[in-house]
Amino acid sequence: MSEFTFNAELRSDMGKGASRRLRREADMIPAIVYGGKEEPKSISLNHNQIINMLDEEAVYSSIINLDIDGTVEEVVIKDIQRHPFKPKVLHMDLKRIVRGEIMNATVPLHFLNEKSAPGVKAGGVMSHQITSVEVACRPRNLPEYIEVDLGGLDLGDTIHLSDLKLPEGVELTALQGEEHDLSVANVVRPSGPSEDETEEADEAAEAEVPATEQKGDEEAGEDKE
């Protein structure tokens, strides 16, 4: 499990205007930390530190050490509000975890052996319907990612949520019956005609002679006579 530390400061100046000043003048991110047995706290985070860490996939599924003025709490990222077109974070929600209690977290999927799948070798296209899943587990069992082996998929084959091999102590929150057993990945035939179908169509077109051309050829033969 990767280790991340967010350095934070408590803030008392609230409101939209205060948040805008915080972002514009101090290059800080307004955020809130909640959950556990403590009251929610309004905090500010260093934008440069956070934006660099968010480039690492593991930060989204890791327990983060949140250092608030020297006091450390364990949290996970629950929500990030980003600027619509600038590489800036506008707000973050962080949730405290409690050791020994079940927690929910979003974990990315890592797809393996895609190119070696029989369906792909036969000309099929691998389609990913889901790239992350929400899991429920105790903090000590939280995985950074879940591997999905695609090496055995043939044309038309599908891997569902129920097919995923989960680490010990980890459950999928979405899997609550067959109607929720969503498709994770499958191998589909490429759109458009296959190479064999194209060749057959070309041969058929060459074999057919339009009636107008046949009539023209007959008339040309009569003129020669």
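The paragraphs below lead through a predicted model, beginning with its strands and ending with three residues in loops.

The main sheet arrangement is a closed barrel of 6 strands, which runs in the order β1-β3-β2-β6-β5-β4 and has mixed pairing. From one strand to the next, the twist averages 45°. Within this barrel, the pairing of β5 (71–82) with strand β6 (residues 89–96) can be followed in detail, since these strands run antiparallel and are joined by 7 bridges. A point at which to inspect this pairing is Asp-79, which stands opposite Asp-93 in β6. As background to such pairings, strands of a sheet pair through backbone hydrogen bonds, either parallel or antiparallel.

Another set of pairings involves β9. Strand β7 (residues 103–112) and strand β9 (residues 132–137) pair in the antiparallel sense, with 6 bridges between them, and in this pairing Ala-105 has Val-135 of β9 as its bridge partner. Strand β9 also pairs with strand β12 (residues 171–172), again in the antiparallel sense and over 2 bridges; here the bridge partner of Ala-136 is Glu-171 in β12. Strand β9 can therefore be traced as a pairing partner of both β7 and β12, given that two strands pair if at least two bridges are found between them.

Turning to the loops, what places Ser-61 among the buried residues? Ser-61 is found in the loop between α2 (47–53) and β4 (64–68), and its relative accessibility is 1%, so Ser-61 counts as buried, the cut-off for that class being under 20%. The side chain of Ser-61 also makes a polar contact, reaching the backbone oxygen of Glu-144 at 2.7 Å.

Two further loop residues are worth examining for their backbone geometry. Most residues other than glycine have a negative phi. Asp-69, in the loop between β4 and β5, has a positive phi of about 50° although it is not a glycine. With a relative accessible area of 53%, Asp-69 is exposed, because that class begins over 50%. Asn-113, which lies in the loop between β7 and α3 (118–121), likewise has a positive phi, near 60°, and is a residue other than glycine. The relative accessibility of Asn-113 is 42%, and this residue therefore counts as partly exposed.

Conventions. Residues are numbered from 1 along each chain as its sequence is written. This is a predicted model: local features need pLDDT of at least 70, side-chain atom pairs count only at pLDDT 80 or more; totals for chains, interfaces and linings use all residues. Side-chain values use heavy atoms; hydrogens and water are left out. Helices (H or I, at least four residues) and strands (E, at least two) are DSSP runs, numbered from the N terminus. Buried means under 20% relative accessible area, exposed over 50%, partly exposed in between (1.4 Å probe, protein chains only). A polar contact is a pair of N or O atoms within 3.5 Å; within protein, one must be able to donate a hydrogen and the other to accept it, and residues adjacent in sequence count only if both atoms are side-chain atoms. Axes are lines fitted to C-alpha atoms, for helices over the stretch in contact, and angles run from 0 to 180 degrees between N-to-C directions.
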